[in-house]
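Dear colleague,

I am handing over the structure below, together with some notes on how its strands are arranged. Please read them with the sequence and the coordinates open beside you.

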Amino acid sequence: MKHVFSTLLLAILILPRICSGQDRLATVDLKNNYWYKNSIIYNLEVGVFKDSDGDGRGDFQGLIQKLDYLSSLGVDAIWLAPFQPTPGKDDGYDVADYYTIDEKLGTGGDFAEFIYQAEKRGIRVIMDLVINHTSDEHPWFKNARASKNSKYRDWYIWSEKLPKNHDEGMVFPGFQTGVWKLDSLSGEYFYHRFYDFQPDLNFTNPAVVQECQRIIGFWLNQGISGFRLDAVPFIIEIPKTGTEKPKLDYKFLTDIRQFAQSRKADAAILGEANVTPEENENYFGGNGDGIQMMFNFFANQHLFYALATGKLDPFKKAIRETKRIPEASQWAHFLRNHDEIDLGRLTDKQRQEVYDKFGPDTSMQIYERGIRRRLATMMGNNRKHMELAYSLLFSLPGTPVIRYGDELGMGDDLRLRERISVRTPMQWDDSKNAGFTTADTAFRPVIDFGEHSYKKVNVAQQRRDSTSLLSWTTDLIRLRKSCPEIGLGNYKLIEAGSPFIFGIQYELAGETLVILHNFSDKPQRSEFTMNGNPLLMDLINKNDQKPNAGKHTVNMPGYGYKWFRVAKD
Ligand code: NOJ
C-alpha cells in the first residue's frame, strides 16, 4: 500500500514536470524548419527488404506492406539506397538511368504509391543521389565512348596518355588497380575514383551540373524530401589537380542546396564524406549555406575505438572537434551502415586494437582500413554492449541513422563478397527465407546459420517479446523523441568522475538533460556537480538522483547508460 502511495505521489509530482518540459520544447521545435535535426532516419535497400510478388527480390509493394512496421518503430524518415536501373555491379551505386525505377523493384506507380503511403504515416523519404559517377552502361557514357565529338564526351574525364599517378587514390584498395582505365573504343583513358565500371562525371562541365540539378528537381517532384549525397569529396574534386590533394569546389554544394530548396523549401542534403573536422566545415559552408547534414565519420571511428577498448579520450576529442557547426547544420550519427566501418583515420595501433576486438579474422577486414561486419556480430551478440552502443547513438549531438535489421541484432554473411556481407535480406519471421520472399530462392541468401539465423532473430518473434532487442530499441526511439534537446540544443561534455564514463549535458529552452554511458564492462561510479544541486529525474528507470553534499553520485552498471532530465523547482 505504502508502495502504491509513493508511486502515485511520484507520478503526481514528477510526471507533470517531465511533461511540461516537453511541451515547452515542442513549441521550440515548431519554430524552425529543421525537420532533419530531430528525425530518426532508417536506411534500407528495397531489394532486400520485402518481396511482394514472389520473384525472390524485394520491391516497392513489399516496402509499402512494411510501412506500419517502420511507423511503429518510430521512424521519421526512410533513406532509400539506390533504386534506379543498374547493372548492379556495385549494388545500385552504378546508375544507368537517373530518371526511372529499376523494373526489378517496381514501377513509377509503385513508387508514387509508396511515397503517398509513407506521407500518410508522417514518414519522409530521402534517397541516395549517386552523381559522382555513372555506370559504364549509362547511355551518356556509351555515347561519350562512341565518338570524341559526342555531346557527352566532355561529361566524363579523359586523358590521351596514362597519367603518372594512375595507381594512386583508389577508394577500394585490393579491389582496384588504378583510377584510370583505357577505353578500348576511343583509345583514351577515363577517370574512375571507384571501380573501373564507374566513370566519374566531369563537374567542371556546366552541362553536367545542370543535369544534376534536373535530377534533383525531378525526384523532389516525385515527393522526395532530401538526398544522401554519395561520395561528396570526389564530386567536388577537380581531378586534373591530382588525386592526392586535389582542389575542391565547395561552391557546388551551396549551389545544389540552393537549387534543391528553390524547388522544395525544406529539402535537405546529407553528405557522405569521410574527412577531417576542419574540412567538414567547408562542406557545411561558413554560414551553414553548404549541405545541411554530414555523417560524422570522424566521431564514428573513434567511437568504435572507445567501444572496443574502453579508452574514451580520442572519442571525446572527436566530439569536441566536431562541435562547432553553423546553426542550420547537423551531424548525422550512425553505428553501422551498408559499407565497411572505415577506420582509416585511426592510428595503425588504434585500428589494430579495434580489429583485435571486433574483426580479428582477415576475412572480416577489408580495403586495408575497415570491418565488413554488422554490429551484433562484432559485439559477440553481447546485449549489454549493444545497448550501450545504441543508447549512445541516440544520445549523441545530431540525428541518428539506423540500418535495417540492426534493431533486431541481425548478423552478417562473410561468404558474400566485399560489403554484400552486411546487406542480407530482412528477417521478418521464421518461415522459409525469413518471410522475406515466398520464392524458393531469395536473390541474395538469407542468414540461416548460427546465432543470427532468421530462425532465432526475426521481427515476428521479437515483436511478441517485451524483453527483445526490438522492443528495447522501440522504447529507446520513443525516449529519444521525448528529448528534442539532443537534436536542437547546445551541449557540453561533463567530467563524470570515471575515465570510462562519457557524460554529456544538453540545454534547450531552459530544459537540461544529462546522459551518462559507462564504456567499461565493470560497474563504475560517476560523480559530478551541477549548479543549483538539482534533482535528476531518471527517464528510463525510477532511479531519480538527489545530490548529496553538493555532489551527484550515480552508480553505473557495466556497460550501463542513464538518461536524466534536470528537475525544475
Ligand atoms: C559510397 C557508397 O556508400 C558505396 O556503397 C559505394 O560503393 C561508393 N560510394 C561508390 O558509389
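For what follows, two strands are taken to pair if DSSP finds at least two bridges between them. Please also keep in mind that this is a predicted model.

With that definition in hand, strand E3 (residues 124-129) can be placed between its partners: strand E7 (residues 226-229) pairs with E3 in the parallel sense over four bridges, and within that pairing Ile126 has Gly226 of E7 as its bridge partner. Strand E2 (residues 77-80) also runs parallel to E3, to which four bridges join it, and here Ile126 of E3 is the bridge partner of Trp79. Between E2 and E3 the chain passes through helix H4 (residues 108-120), and the resulting β-α-β crossover is right-handed. Since buried means under 20% relative accessible area, it is worth adding that five of the six residues of E3 are buried, so this strand is largely enclosed by the rest of the structure.

Elsewhere, there is an open sheet of three strands, in the order E4-E6-E5, whose pairing is antiparallel. Strand E4 (158-159) and strand E5 (180-182) each have a single partner strand and therefore stand at the edges, with one side of each left without a neighbour in the sheet. The antiparallel pairing of E4 with strand E6 (residues 189-191) rests on two bridges, and Ser159 has Tyr189 in E6 as its bridge partner.

With best wishes

Note on methods:
Residues numbered from 1 in each chain as written. Predicted model: local features only at pLDDT ≥ 70, side-chain atom pairs only at ≥ 80, totals over all residues. Heavy atoms only, no water. Buried < 20%, exposed > 50% of the residue type's maximum accessible area, 1.4 Å probe, protein only. Right-handed = clockwise from strand over helix to strand, strands pointing away.
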